[in-house]
Amino acid sequence: MRPTTRFAIAVAACALPAAPALAQEACELHVWPAERMQSMTQGLLGGGLLGAAMYAGRDASNRAQLASALDSQSQIDALQSLDLIQEIGLPAGTTIVRHEAPLERHTMNSVKTRRSDSTARCYYELITADVLYTRSPIYGRSLRTLFMIRDFGDDQRIDFEYKAWGGNGLSHFPPREGEDVTVAINELVDVFKRNFQEYAHNERTRRSARRPRR
Amino acid sequence: MIRSSALLALAWASLAAARGQDAPAAAPGTTSGGCEFHAWPGEGLTSIFYGLLHGGIVNGGQQGRRGYPRVPPGAMATAIQAELLAEAQPQRAMNHPDHRLIVHPEALDSRTIRTSRGRIAESASPCYVELIVDDVVLQQDFVNGAKLRVLFRYREFGPDAQPRNSFTTWADTSLDSFPPRTEADIPEALREMRGAFRRDITEFAGSLRGPRRLGN
């Protein structure tokens with residue numbers, strides 16, 4: 001959302017403080033894409049350094065293709081193509097704020113305060129931490145994605161955090177050399193979205209379980 | 001150690017001067033007559049590295065992350081790709097020698113590339129072709145070394161609003177000198193990078209002409 005639009009919403013919320021529905025519109029969900037792409041191919045001999053060396057070329061190719069198919073803009077577009085607010089179970093009217101530059105992966109756990117300078121009274125962060133392709137002789141090919149959501153409420157303290165993987169199988173990725181890769185690219189984006197939906201379902205369950213019953 | 005982008009810019013300038021080349025004559029087309037072959041360069045260079053101790057961060061080399069080999073800023077910038085596309089005359093290798101090549105100076109964003117169904121350029125040409133450089137990736141790993149991988153998208157429209165033929169695939173070329181280890185290595189590394197990009201165009205044209213394999 002453009003800053004002017006956010007400003008307009010903020011002004012509206014300030015002008016009518018008595019309306020609870022508008023107060024909810026002050027909520028913000030900030031979204032960041034992943035900066036790390038991983039590929040782990042296992043053969044019949046298993047993993048380890050030998051396995052990593054054997055499949056290094058294939059994994060390098062896979063990582064390059066993941067970085068292309070799921071670049072920052074595509075990741076956030078994919079998430080925004082879903083009803084993010086409903087999927088995560090946030091208040092209706094929550095404003096989505098896109099951050100196209102990924103966060104540094106190694107700071108994901110160490111930073112415990114708000115990542116943006118927002119002072120919204122109702123503030124959430126959704127961070128995609130890792131995108132991982134795996135192939136094993138037993139389980140086949142899959143794409144796994146690590147997501148983390150943080151609910152800060154109205155301050156700098158984390159009130160609720162949920163970090164977990166979503167994962168689903170792949171049929172077309174990785175493509176063979178020289179073949180049309182459109183289907184494989186589209187599959188990665190689709191599975192990325194399904195991974196998020198799986199994660200979001202678990203997040204809603206976890207969040208509702210911690211709410212005190214009346 | 002490479003420390004400044006100014007050094008790289010100087011190296012590029014000296015290379016271009018030595019070759020007597022100017023920037024490509026790019027002409028975003030809005031013509032209605034004649035056959036047109038529109039080409040778009042990509043948005044700079046993406047790098048992905050995997051070593052024994054570090055790896056997986058996209059553009060870790062450009063950002064100076066610890067453990068990642070430095071990638072010179074501006075390597076394979078959009079303007080350089082446009083210049084190489086103009087120089088390569090890809091319409092000839094892709095069976096359209098009579099089409100007029102129009103190289104656009106700006107890269108398309110990934111959303112436009114992936115969601116556009118119709119013609120991207122505002123052209124009513126009755127025989128219209130698009131070649132899009134979607135991504136240019138420097139791929140490095142601790143076993144196989146470095147490669148320049150380029151994702152090309154080709155769409156042939158004929159007189160229609162929707163493409164009648166499309167093909168998207170990767171081409172890659174191994175690199176020996178890139179990324180450069182010292183400042184003295186920069187000119188050779190950049191020459192090699194440009195050569196790899198040219199070879200990738202040729203390889204893609206070969207895949208396009210050959211028996212077409214759809215995704216599995």
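This talk goes through a predicted model of two chains, A and B, from the fold of chain A to one helix of chain B.

First, conventions. Residues are numbered from 1 along each chain as its sequence is written, while chains are lettered from A and ligands numbered from 1 in the order in which they are written. Because the model is predicted, local features need pLDDT of at least 70 and side-chain atom pairs count only at pLDDT 80 or more, whereas totals for chains, interfaces and linings use all residues.

Chain A. Its secondary structure comes to 7 helices and 6 strands; these are DSSP runs numbered from the N terminus, H or I over at least four residues for a helix and E over at least two for a strand. From the N terminus on, the order is α-α-β-β-α-α-α-α-β-β-β-β-α. Chain A has 214 residues, of which 34% count as buried. Buried is when 20 or more other C-beta atoms lie within 10 Å of the residue's own; 12 or fewer is exposed, in between is partly exposed, and the C-beta atoms are placed from the backbone. Taking contacts in chain A between residues at least 6 apart in sequence, 70% join residues at least 24 apart. A contact here is two C-beta atoms, placed from the backbone, within 7 Å.

Now strand β1 of chain A, residues 27-32. Of its 6 residues 5 are buried, so the strand is largely enclosed by the rest of the structure. β1(A) pairs in the parallel sense with strand β4 of chain A, residues 122-136, over 6 bridges; pairing requires that DSSP finds at least two bridges between the strands. In that pairing Glu28(A) has Tyr123(A) as its bridge partner. β1(A) also pairs in the parallel sense with β3 of chain A, residues 95-98, over 4 bridges, and there Val31(A) is matched with Arg98(A).

Next, the contact between the chains. Chain A contributes 29 residues and chain B 28 residues. On the chain A side, the elements giving two or more residues are β2 (36-41), α4 (56-69), α5 (72-80) and α7 (182-210). α4(A) gives the most, with 9 residues. By class, the chain A side has 10 nonpolar, 9 polar and 10 charged residues. Nonpolar covers Ala, Val, Leu, Ile, Met, Phe, Trp, Tyr, Cys and Pro, charged covers Asp, Glu, Lys and Arg, and the others, Gly among them, are polar.

Last, chain B. Helix α2 (residues 78-88) is mostly covered, with 8 of its 11 residues buried. What do the buried residues of α2(B) pack against? They pack against β1 (36-40), α3 (90-93), β4 (100-103), β5 (128-141) and α5 of chain B.

α2(B) and helix α5 of chain B, residues 186-209, pack at an angle of about 50 degrees, with axes 10 Å apart. That makes α2(B) oblique to α5(B). Under 35 degrees counts as roughly parallel, over 145 as roughly antiparallel, 65 to 115 as roughly perpendicular, and the rest as oblique. The axes are lines fitted to C-alpha atoms over the stretch in contact, and angles run from 0 to 180 degrees between N-to-C directions. Gln81(B), Leu84(B) and Ala88(B) of α2(B) meet Arg194(B), Phe197(B), Arg198(B) and Ile201(B) of α5(B).

Ile80(B), also in α2(B), has 24 C-beta neighbours inside 10 Å and so counts as buried. From C-alpha to C-alpha, Ile80(B) and Arg194(B) are 8.4 Å apart in space and 114 residues apart in sequence. After α2(B) comes Gln89(B), with a positive phi near 50 degrees.
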